Amino acid sequence: MKEFNPTNYKLLCVATGHEFDDAGWTLDDKECDKPALVRAHYEKIQIEVKDDSYGLYKFADWLPVKRMLKGSSAPVTYKSEGLAKHLGLKNLYITLNGYCPARGASMTTCSFKETEAYSVCARADENNDRVLVVASAGNTARAFAKVCSENNIKLLLSIPADNLDAMWFDAPLNPCVKLIACDKGGDYFDAIHLSNLALKSSKFYAEGGAKNVARRDGMGTTFLSATTTIGQIPDYYFQAVGSGTGAIAAWEANMRLIEDGRFGKTMTKLMVSQNAPFVPMYDAWRVDSREMLPYDDDKARRDVEIIDAKVLSNRKPPYGIVGGLYDALKATNGEILVATNQQGRKAAQLFLETEGVDIHPAAGIATASLIKAVEAGKIDREKIVMLNITGAGEQLFKRDKEIFHLEPSFVFPLKPDVDDVIAKVESLF
(Lines give C-alpha, C1' and ligand atoms only; values in the text may rest on other atoms or scores of the structure.)
Protein backbone atom coordinates (compact mmCIF):
# COMPACT_ATOMS: atom_id res chain seq x y z
CA MET A 1 0.00 0.00 0.00
CA LYS A 2 1.25 3.48 -0.87
CA GLU A 3 2.30 5.91 1.81
CA PHE A 4 -0.68 7.89 3.01
CA ASN A 5 -1.21 10.50 5.73
CA PRO A 6 -4.75 11.20 7.01
CA THR A 7 -6.21 14.44 5.68
CA ASN A 8 -6.37 17.43 8.04
CA TYR A 9 -9.66 19.30 8.08
CA LYS A 10 -12.29 20.93 10.27
CA LEU A 11 -16.08 20.88 9.86
CA LEU A 12 -18.02 24.05 9.11
CA CYS A 13 -21.77 24.57 9.62
CA VAL A 14 -23.14 26.18 6.44
CA ALA A 15 -25.94 27.99 8.31
CA THR A 16 -23.85 29.62 11.05
CA GLY A 17 -20.22 29.46 9.96
CA HIS A 18 -19.37 27.61 13.19
CA GLU A 19 -16.13 25.64 12.73
CA PHE A 20 -15.42 22.58 14.85
CA ASP A 21 -13.54 19.28 14.97
CA ASP A 22 -14.91 16.12 13.39
CA ALA A 23 -15.68 13.64 16.17
CA GLY A 24 -15.17 10.86 13.62
CA TRP A 25 -18.58 10.45 12.05
CA THR A 26 -20.20 13.86 12.62
CA LEU A 27 -23.15 14.43 10.26
CA ASP A 28 -24.40 17.80 11.56
CA ASP A 29 -23.66 20.63 13.97
CA LYS A 30 -25.47 19.94 17.26
CA GLU A 31 -25.27 23.67 18.11
CA CYS A 32 -27.23 24.69 14.99
CA ASP A 33 -30.97 25.16 15.54
CA LYS A 34 -32.11 24.47 11.95
CA PRO A 35 -31.46 21.76 9.33
CA ALA A 36 -28.14 22.57 7.66
CA LEU A 37 -25.31 20.72 5.98
CA VAL A 38 -21.79 20.77 7.37
CA ARG A 39 -18.80 21.10 5.05
CA ALA A 40 -15.22 19.96 5.34
CA HIS A 41 -12.75 22.85 5.53
CA TYR A 42 -9.39 21.47 4.43
CA GLU A 43 -6.03 22.57 5.76
CA LYS A 44 -4.58 22.50 2.25
CA ILE A 45 -5.96 25.45 0.26
CA GLN A 46 -4.19 24.38 -2.94
CA ILE A 47 -4.79 20.78 -3.91
CA GLU A 48 -1.87 18.57 -4.92
CA VAL A 49 -3.24 15.91 -7.24
CA LYS A 50 -1.37 12.61 -6.91
CA ASP A 51 -0.73 10.21 -9.79
CA ASP A 52 -3.32 7.76 -11.14
CA SER A 53 -1.90 4.85 -9.14
CA TYR A 54 -3.63 6.33 -6.07
CA GLY A 55 -7.05 5.81 -7.68
CA LEU A 56 -9.69 8.07 -6.14
CA TYR A 57 -7.22 9.05 -3.42
CA LYS A 58 -5.23 11.11 -5.93
CA PHE A 59 -7.62 13.82 -4.64
CA ALA A 60 -7.05 12.92 -0.96
CA ASP A 61 -6.05 16.49 -0.01
CA TRP A 62 -9.75 17.33 -0.31
CA LEU A 63 -11.26 14.09 0.97
CA PRO A 64 -12.10 13.64 4.70
CA VAL A 65 -10.42 10.24 4.91
CA LYS A 66 -8.34 8.41 7.52
CA ARG A 67 -6.88 5.76 5.20
CA MET A 68 -6.73 4.42 1.66
CA LEU A 69 -8.81 1.42 0.64
CA LYS A 70 -7.80 -0.92 -2.15
CA GLY A 71 -9.50 -1.10 -5.54
CA SER A 72 -10.50 2.52 -6.18
CA SER A 73 -10.56 4.40 -9.48
CA ALA A 74 -10.80 8.12 -10.17
CA PRO A 75 -13.16 9.79 -12.67
CA VAL A 76 -11.60 10.40 -16.09
CA THR A 77 -12.12 13.65 -18.01
CA TYR A 78 -11.44 14.08 -21.72
CA LYS A 79 -12.29 16.58 -24.45
CA SER A 80 -15.15 15.33 -26.60
CA GLU A 81 -14.83 15.19 -30.35
CA GLY A 82 -17.81 13.18 -31.59
CA LEU A 83 -20.62 14.49 -29.42
CA ALA A 84 -19.10 17.98 -29.40
CA LYS A 85 -19.09 18.09 -33.21
CA HIS A 86 -22.66 16.79 -33.36
CA LEU A 87 -23.82 19.55 -30.97
CA GLY A 88 -21.57 22.28 -32.35
CA LEU A 89 -19.78 22.82 -29.01
CA LYS A 90 -16.16 24.02 -29.10
CA ASN A 91 -15.23 22.98 -25.56
CA LEU A 92 -17.28 20.01 -24.40
CA TYR A 93 -15.50 17.95 -21.76
CA ILE A 94 -16.88 14.61 -20.62
CA THR A 95 -16.16 13.32 -17.13
CA LEU A 96 -16.56 9.58 -17.44
CA ASN A 97 -17.44 7.48 -14.41
CA GLY A 98 -17.62 3.85 -15.37
CA TYR A 99 -15.76 1.22 -17.33
CA CYS A 100 -14.03 2.19 -20.56
CA PRO A 101 -10.39 1.02 -20.76
CA ALA A 102 -9.91 2.94 -24.02
CA ARG A 103 -10.44 6.14 -22.01
CA GLY A 104 -8.62 4.93 -18.90
CA ALA A 105 -11.88 4.53 -16.94
CA SER A 106 -11.89 1.44 -14.72
CA MET A 107 -14.82 1.62 -12.25
CA THR A 108 -16.00 -1.98 -12.20
CA THR A 109 -19.45 -1.14 -10.80
CA CYS A 110 -19.72 1.22 -13.79
CA SER A 111 -21.13 4.02 -11.62
CA PHE A 112 -19.82 7.21 -10.00
CA LYS A 113 -21.28 5.94 -6.74
CA GLU A 114 -17.84 4.37 -6.30
CA THR A 115 -16.52 7.88 -5.62
CA GLU A 116 -18.87 8.08 -2.63
CA ALA A 117 -18.21 4.60 -1.31
CA TYR A 118 -14.41 4.78 -1.34
CA SER A 119 -14.52 8.14 0.41
CA VAL A 120 -17.20 7.29 3.01
CA CYS A 121 -15.67 3.94 3.95
CA ALA A 122 -12.21 5.50 4.24
CA ARG A 123 -13.65 8.08 6.66
CA ALA A 124 -14.91 5.29 8.93
CA ASP A 125 -12.80 4.00 11.78
CA GLU A 126 -11.38 0.61 10.75
CA ASN A 127 -11.81 -0.63 14.35
CA ASN A 128 -15.54 0.12 14.43
CA ASP A 129 -17.46 -3.05 15.35
CA ARG A 130 -20.84 -1.69 14.35
CA VAL A 131 -22.42 -2.33 10.94
CA LEU A 132 -22.66 0.43 8.33
CA VAL A 133 -26.19 0.87 6.91
CA VAL A 134 -26.79 2.20 3.40
CA ALA A 135 -30.17 2.69 1.70
CA SER A 136 -30.10 2.89 -2.08
CA ALA A 137 -32.10 2.75 -5.29
CA GLY A 138 -29.43 0.42 -6.71
CA ASN A 139 -26.11 1.86 -7.93
CA THR A 140 -25.03 3.18 -4.52
CA ALA A 141 -25.70 -0.24 -3.00
CA ARG A 142 -23.62 -1.95 -5.66
CA ALA A 143 -20.73 0.45 -5.10
CA PHE A 144 -20.76 0.11 -1.31
CA ALA A 145 -21.08 -3.67 -1.61
CA LYS A 146 -17.95 -3.83 -3.78
CA VAL A 147 -15.90 -1.57 -1.53
CA CYS A 148 -16.97 -3.25 1.72
CA SER A 149 -16.61 -6.76 0.31
CA GLU A 150 -13.07 -6.13 -0.94
CA ASN A 151 -11.99 -4.31 2.24
CA ASN A 152 -13.78 -6.55 4.80
CA ILE A 153 -16.13 -3.85 6.17
CA LYS A 154 -19.46 -4.97 7.66
CA LEU A 155 -22.38 -3.57 5.65
CA LEU A 156 -26.18 -3.79 5.62
CA LEU A 157 -27.86 -2.63 2.41
CA SER A 158 -31.53 -1.74 1.96
CA ILE A 159 -33.00 -1.38 -1.53
CA PRO A 160 -36.41 -1.75 -3.25
CA ALA A 161 -37.12 -5.31 -4.43
CA ASP A 162 -37.98 -3.87 -7.86
CA ASN A 163 -34.33 -2.77 -8.21
CA LEU A 164 -32.64 -6.06 -7.32
CA ASP A 165 -31.30 -6.42 -10.85
CA ALA A 166 -28.84 -3.63 -9.94
CA MET A 167 -27.09 -5.95 -7.47
CA TRP A 168 -24.76 -7.59 -9.99
CA PHE A 169 -21.05 -8.31 -9.50
CA ASP A 170 -18.22 -10.03 -11.35
CA ALA A 171 -17.38 -12.18 -8.31
CA PRO A 172 -19.22 -13.56 -5.25
CA LEU A 173 -19.26 -11.13 -2.32
CA ASN A 174 -17.64 -11.39 1.09
CA PRO A 175 -20.30 -12.50 3.64
CA CYS A 176 -19.66 -9.29 5.59
CA VAL A 177 -22.10 -7.69 3.12
CA LYS A 178 -25.84 -8.38 3.66
CA LEU A 179 -28.88 -7.17 1.73
CA ILE A 180 -32.49 -6.56 2.75
CA ALA A 181 -35.27 -5.23 0.52
CA CYS A 182 -38.68 -3.61 0.74
CA ASP A 183 -41.42 -5.46 -1.14
CA LYS A 184 -42.36 -5.02 -4.80
CA GLY A 185 -44.09 -1.72 -5.49
CA GLY A 186 -41.83 0.09 -3.02
CA ASP A 187 -39.36 2.78 -3.99
CA TYR A 188 -36.19 4.41 -2.66
CA PHE A 189 -38.12 6.23 0.05
CA ASP A 190 -39.48 2.88 1.30
CA ALA A 191 -35.93 1.48 1.33
CA ILE A 192 -34.82 4.46 3.43
CA HIS A 193 -37.69 3.86 5.85
CA LEU A 194 -36.67 0.19 6.17
CA SER A 195 -33.05 1.12 6.84
CA ASN A 196 -34.16 3.61 9.51
CA LEU A 197 -35.95 0.78 11.35
CA ALA A 198 -32.76 -1.31 11.29
CA LEU A 199 -30.88 1.69 12.72
CA LYS A 200 -33.00 1.52 15.88
CA SER A 201 -30.63 -1.29 16.86
CA SER A 202 -27.37 -0.18 18.49
CA LYS A 203 -25.48 -2.71 16.34
CA PHE A 204 -25.82 -0.43 13.31
CA TYR A 205 -24.87 3.12 12.29
CA ALA A 206 -26.11 5.29 9.43
CA GLU A 207 -23.99 6.21 6.45
CA GLY A 208 -25.76 9.59 6.51
CA GLY A 209 -26.47 10.29 2.84
CA ALA A 210 -25.98 13.89 1.73
CA LYS A 211 -25.15 14.91 5.32
CA ASN A 212 -21.94 12.86 5.20
CA VAL A 213 -19.13 15.18 4.04
CA ALA A 214 -17.25 12.14 2.73
CA ARG A 215 -20.10 11.26 0.40
CA ARG A 216 -20.29 14.78 -1.07
CA ASP A 217 -16.54 15.30 -1.33
CA GLY A 218 -16.15 11.87 -2.91
CA MET A 219 -18.65 12.87 -5.57
CA GLY A 220 -16.92 16.22 -5.88
CA THR A 221 -13.90 14.44 -7.37
CA THR A 222 -15.78 14.47 -10.70
CA PHE A 223 -15.55 18.27 -10.69
CA LEU A 224 -11.94 18.15 -9.50
CA SER A 225 -11.12 15.74 -12.34
CA ALA A 226 -12.65 18.07 -14.91
CA THR A 227 -11.08 21.27 -13.63
CA THR A 228 -7.58 19.89 -13.09
CA THR A 229 -7.66 18.20 -16.51
CA ILE A 230 -8.94 21.28 -18.36
CA GLY A 231 -6.78 23.69 -16.36
CA GLN A 232 -9.69 25.97 -15.54
CA ILE A 233 -13.13 25.81 -13.95
CA PRO A 234 -15.94 24.89 -16.41
CA ASP A 235 -18.69 27.37 -17.32
CA TYR A 236 -21.52 24.80 -17.28
CA TYR A 237 -22.05 21.54 -15.39
CA PHE A 238 -24.60 18.97 -16.61
CA GLN A 239 -25.77 16.03 -14.50
CA ALA A 240 -29.00 14.11 -13.90
CA VAL A 241 -30.05 14.20 -10.24
CA GLY A 242 -32.11 12.10 -7.86
CA SER A 243 -31.04 13.70 -4.60
CA GLY A 244 -28.95 16.51 -6.06
CA THR A 245 -26.02 15.54 -3.84
CA GLY A 246 -23.63 15.30 -6.79
CA ALA A 247 -24.53 18.84 -7.89
CA ILE A 248 -24.12 20.17 -4.33
CA ALA A 249 -20.72 18.45 -4.28
CA ALA A 250 -19.74 20.10 -7.58
CA TRP A 251 -20.70 23.54 -6.17
CA GLU A 252 -18.63 22.94 -3.02
CA ALA A 253 -15.65 21.75 -5.08
CA ASN A 254 -16.10 24.82 -7.31
CA MET A 255 -15.77 27.14 -4.30
CA ARG A 256 -12.62 25.33 -3.10
CA LEU A 257 -11.08 25.64 -6.57
CA ILE A 258 -11.79 29.38 -6.65
CA GLU A 259 -10.05 29.67 -3.27
CA ASP A 260 -7.16 27.59 -4.63
CA GLY A 261 -6.58 30.48 -7.06
CA ARG A 262 -4.99 28.60 -9.97
CA PHE A 263 -8.10 27.73 -11.98
CA GLY A 264 -9.94 31.03 -12.37
CA LYS A 265 -12.89 32.59 -10.57
CA THR A 266 -15.76 31.07 -12.55
CA MET A 267 -18.88 30.05 -10.62
CA THR A 268 -20.08 27.14 -12.76
CA LYS A 269 -23.73 27.20 -13.82
CA LEU A 270 -25.36 23.99 -12.54
CA MET A 271 -27.64 22.46 -15.19
CA VAL A 272 -29.26 19.49 -13.50
CA SER A 273 -32.04 17.29 -14.83
CA GLN A 274 -34.79 14.92 -13.76
CA ASN A 275 -36.47 12.03 -15.57
CA ALA A 276 -40.13 12.84 -16.35
CA PRO A 277 -42.69 12.15 -14.99
CA PHE A 278 -40.78 11.92 -11.65
CA VAL A 279 -39.78 15.59 -11.28
CA PRO A 280 -40.43 16.78 -7.67
CA MET A 281 -37.38 19.07 -7.48
CA TYR A 282 -38.16 20.58 -10.88
CA ASP A 283 -41.72 21.29 -9.72
CA ALA A 284 -40.48 23.06 -6.58
CA TRP A 285 -37.76 25.00 -8.42
CA ARG A 286 -40.17 26.12 -11.14
CA VAL A 287 -42.23 28.04 -8.55
CA ASP A 288 -39.10 29.15 -6.64
CA SER A 289 -40.06 27.13 -3.56
CA ARG A 290 -37.35 26.14 -1.09
CA GLU A 291 -39.78 23.55 0.27
CA MET A 292 -40.70 20.49 -1.75
CA LEU A 293 -44.32 20.54 -2.94
CA PRO A 294 -46.86 17.91 -1.78
CA TYR A 295 -46.44 14.65 -3.70
CA ASP A 296 -48.97 11.87 -3.12
CA ASP A 297 -47.19 8.63 -2.11
CA ASP A 298 -49.10 6.43 -4.55
CA LYS A 299 -48.59 8.84 -7.44
CA ALA A 300 -44.89 9.09 -6.60
CA ARG A 301 -44.52 5.30 -6.65
CA ARG A 302 -46.37 5.11 -10.00
CA ASP A 303 -44.13 7.80 -11.47
CA VAL A 304 -41.04 5.92 -10.26
CA GLU A 305 -42.31 2.77 -12.00
CA ILE A 306 -42.50 4.69 -15.28
CA ILE A 307 -39.02 6.24 -15.39
CA ASP A 308 -36.03 4.44 -16.89
CA ALA A 309 -33.52 6.07 -14.53
CA LYS A 310 -34.66 4.47 -11.25
CA VAL A 311 -31.62 5.91 -9.45
CA LEU A 312 -33.16 9.39 -9.85
CA SER A 313 -36.17 8.55 -7.69
CA ASN A 314 -35.52 10.28 -4.36
CA ARG A 315 -38.73 11.66 -2.81
CA LYS A 316 -36.94 13.29 0.15
CA PRO A 317 -33.83 14.91 -1.37
CA PRO A 318 -31.54 17.45 0.37
CA TYR A 319 -33.15 20.20 -1.65
CA GLY A 320 -34.34 22.83 0.84
CA ILE A 321 -31.84 22.22 3.66
CA VAL A 322 -29.36 25.08 4.21
CA GLY A 323 -26.45 24.35 1.87
CA GLY A 324 -28.59 21.99 -0.22
CA LEU A 325 -29.55 21.96 -3.90
CA TYR A 326 -31.83 25.02 -3.73
CA ASP A 327 -28.95 27.11 -2.36
CA ALA A 328 -26.51 25.61 -4.89
CA LEU A 329 -28.78 26.53 -7.80
CA LYS A 330 -29.32 30.05 -6.45
CA ALA A 331 -25.59 30.58 -5.94
CA THR A 332 -24.69 29.40 -9.45
CA ASN A 333 -27.67 30.85 -11.35
CA GLY A 334 -28.48 27.24 -12.15
CA GLU A 335 -31.45 25.48 -13.69
CA ILE A 336 -33.38 22.24 -13.35
CA LEU A 337 -34.22 20.62 -16.68
CA VAL A 338 -36.43 17.67 -17.60
CA ALA A 339 -36.09 14.84 -20.11
CA THR A 340 -38.38 11.91 -20.92
CA ASN A 341 -37.49 8.23 -21.20
CA GLN A 342 -37.60 8.46 -24.99
CA GLN A 343 -35.30 11.49 -25.04
CA GLY A 344 -32.91 9.76 -22.64
CA ARG A 345 -32.78 6.58 -24.73
CA LYS A 346 -32.17 8.55 -27.92
CA ALA A 347 -29.40 10.54 -26.22
CA ALA A 348 -27.77 7.35 -24.87
CA GLN A 349 -27.74 5.88 -28.37
CA LEU A 350 -26.20 9.09 -29.73
CA PHE A 351 -23.53 8.96 -27.00
CA LEU A 352 -22.70 5.35 -27.90
CA GLU A 353 -22.38 6.28 -31.58
CA THR A 354 -20.32 9.44 -31.03
CA GLU A 355 -18.23 8.55 -27.94
CA GLY A 356 -18.04 4.76 -28.22
CA VAL A 357 -19.37 3.61 -24.85
CA ASP A 358 -22.78 2.62 -23.50
CA ILE A 359 -24.17 4.78 -20.68
CA HIS A 360 -26.67 4.28 -17.86
CA PRO A 361 -30.21 5.73 -18.15
CA ALA A 362 -29.42 8.58 -15.73
CA ALA A 363 -26.45 9.61 -17.88
CA GLY A 364 -28.79 9.41 -20.87
CA ILE A 365 -31.09 11.91 -19.14
CA ALA A 366 -28.14 14.25 -18.51
CA THR A 367 -27.05 13.98 -22.14
CA ALA A 368 -30.63 14.59 -23.32
CA SER A 369 -30.83 17.72 -21.18
CA LEU A 370 -27.56 18.97 -22.70
CA ILE A 371 -28.95 18.40 -26.20
CA LYS A 372 -32.17 20.25 -25.31
CA ALA A 373 -30.26 23.13 -23.70
CA VAL A 374 -28.10 23.55 -26.81
CA GLU A 375 -31.16 23.45 -29.07
CA ALA A 376 -32.92 26.03 -26.86
CA GLY A 377 -29.96 28.41 -27.05
CA LYS A 378 -29.19 28.16 -23.31
CA ILE A 379 -25.50 27.41 -23.94
CA ASP A 380 -22.75 29.64 -25.30
CA ARG A 381 -21.12 27.23 -27.77
CA GLU A 382 -17.66 28.72 -27.18
CA LYS A 383 -17.71 28.20 -23.39
CA ILE A 384 -16.43 25.20 -21.42
CA VAL A 385 -19.18 22.63 -20.85
CA MET A 386 -18.71 19.71 -18.42
CA LEU A 387 -20.98 16.69 -18.89
CA ASN A 388 -20.87 14.36 -15.87
CA ILE A 389 -21.52 10.86 -17.19
CA THR A 390 -22.41 9.18 -13.92
CA GLY A 391 -22.57 5.62 -15.20
CA ALA A 392 -21.03 3.99 -18.27
CA GLY A 393 -19.65 0.81 -19.78
CA GLU A 394 -21.88 -1.74 -18.07
CA GLN A 395 -22.58 -3.65 -21.29
CA LEU A 396 -18.88 -3.52 -22.16
CA PHE A 397 -17.84 -4.71 -18.69
CA LYS A 398 -20.31 -7.60 -18.54
CA ARG A 399 -19.32 -8.94 -21.96
CA ASP A 400 -17.78 -12.42 -21.66
CA LYS A 401 -17.94 -12.37 -17.84
CA GLU A 402 -19.81 -14.57 -15.41
CA ILE A 403 -22.10 -12.30 -13.39
CA PHE A 404 -23.16 -12.98 -9.80
CA HIS A 405 -26.20 -11.43 -8.08
CA LEU A 406 -26.54 -10.61 -4.38
CA GLU A 407 -29.88 -11.89 -3.14
CA PRO A 408 -31.71 -10.32 -0.18
CA SER A 409 -31.60 -12.16 3.12
CA PHE A 410 -35.08 -10.79 3.89
CA VAL A 411 -37.80 -8.99 1.92
CA PHE A 412 -40.03 -6.86 4.15
CA PRO A 413 -43.55 -5.51 3.51
CA LEU A 414 -43.92 -1.78 2.79
CA LYS A 415 -45.25 -1.27 6.32
CA PRO A 416 -42.92 -3.54 8.29
CA ASP A 417 -43.06 -4.32 11.99
CA VAL A 418 -40.13 -2.59 13.68
CA ASP A 419 -39.38 -5.42 16.15
CA ASP A 420 -39.43 -7.96 13.32
CA VAL A 421 -36.98 -5.88 11.28
CA ILE A 422 -34.58 -5.42 14.21
CA ALA A 423 -34.63 -9.09 15.17
CA LYS A 424 -33.96 -10.23 11.62
CA VAL A 425 -31.20 -7.77 10.73
CA GLU A 426 -29.40 -8.43 14.04
CA SER A 427 -29.44 -12.15 13.21
CA LEU A 428 -27.43 -11.46 10.03
CA PHE A 429 -24.25 -10.34 11.84
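**Strand 7 and the two largest pockets**

In this predicted model, strand 7 and strand 8 (residues 155–160) run parallel and are joined by 4 bridges. Within this pairing, Ala 135 of strand 7 stands opposite Ser 158 in strand 8. The two strands also belong to a right-handed β-α-β unit, in which the helix is helix 3 (residues 139–151).

Strand 7 has a further partner, strand 11 (residues 204–206), with which it pairs in the parallel sense over 3 bridges. Here Leu 132 stands opposite Tyr 205 of strand 11.

Strand 7 covers residues 131–135 and is mostly covered, with 5 of its 5 residues buried. In a regular strand, side chains alternate between the two faces of the sheet. One side of strand 7 carries Val 131, Val 133 and Ala 135, and the other carries Leu 132 and Val 134; all of these are buried, and both faces are covered. Ala 135, one of the buried residues, is thus also the residue set opposite Ser 158, while Leu 132, on the other side, is the one opposite Tyr 205.

Empty space in the model was examined next. Rolling a probe the size of a water molecule over the atoms shows where such space is left. The largest pocket has a volume of about 920 Å³. Its lining comprises 45 residues, and those closest to the pocket centre are Tyr 188, Ile 192, Gly 209, Ala 210 and Asn 314. Strand 7 and helix 3 are among the elements that give two or more residues to this lining, as are helix 4 (188–198), helix 5 (213–219), strand 12 (236–240), helix 7 (245–260) and strand 15 (384–392). Helix 4 supplies the largest share, 5 residues. By class, the lining of the largest pocket has 21 nonpolar, 19 polar and 5 charged residues.

The second largest pocket has a volume of about 590 Å³. It is lined by 29 residues, and Asp 308, Ile 359, His 360, Pro 361 and Glu 394 lie nearest its centre. Two or more lining residues come from each of helix 3, helix 11 (341–355), helix 12 (361–375) and helix 13 (394–398). The largest share here, 6 residues, is that of helix 11. The lining of the second largest pocket divides into 11 nonpolar, 9 polar and 9 charged residues. Helix 3 thus gives two or more residues to the lining of the largest pocket and to that of the second largest pocket.

Methods: Residues are numbered from 1 along each chain as its sequence is written. This is a predicted model: local features need pLDDT of at least 70, side-chain atom pairs count only at pLDDT 80 or more; totals for chains, interfaces and linings use all residues. Side-chain values use heavy atoms; hydrogens and water are left out. Buried means under 20% relative accessible area, exposed over 50%, partly exposed in between (1.4 Å probe, protein chains only). Two strands pair if DSSP finds at least two bridges between them. A crossover is right-handed if, with the strands pointing away from the viewer, the path from the first strand over the helix to the second runs clockwise. On a 1 Å grid over the protein atoms alone, a cavity is a set of points where a 1.4 Å probe fits but cannot get out, and a pocket is an open set with protein on both sides within 12 Å along at least five of seven lines; lining residues have an atom within 4 Å of a point. Grid points are joined across faces, edges and corners, and a volume is the space filled by probe spheres set on the points. Ala, Val, Leu, Ile, Met, Phe, Trp, Tyr, Cys and Pro count as nonpolar, Asp, Glu, Lys and Arg as charged, and the others, Gly among them, as polar.
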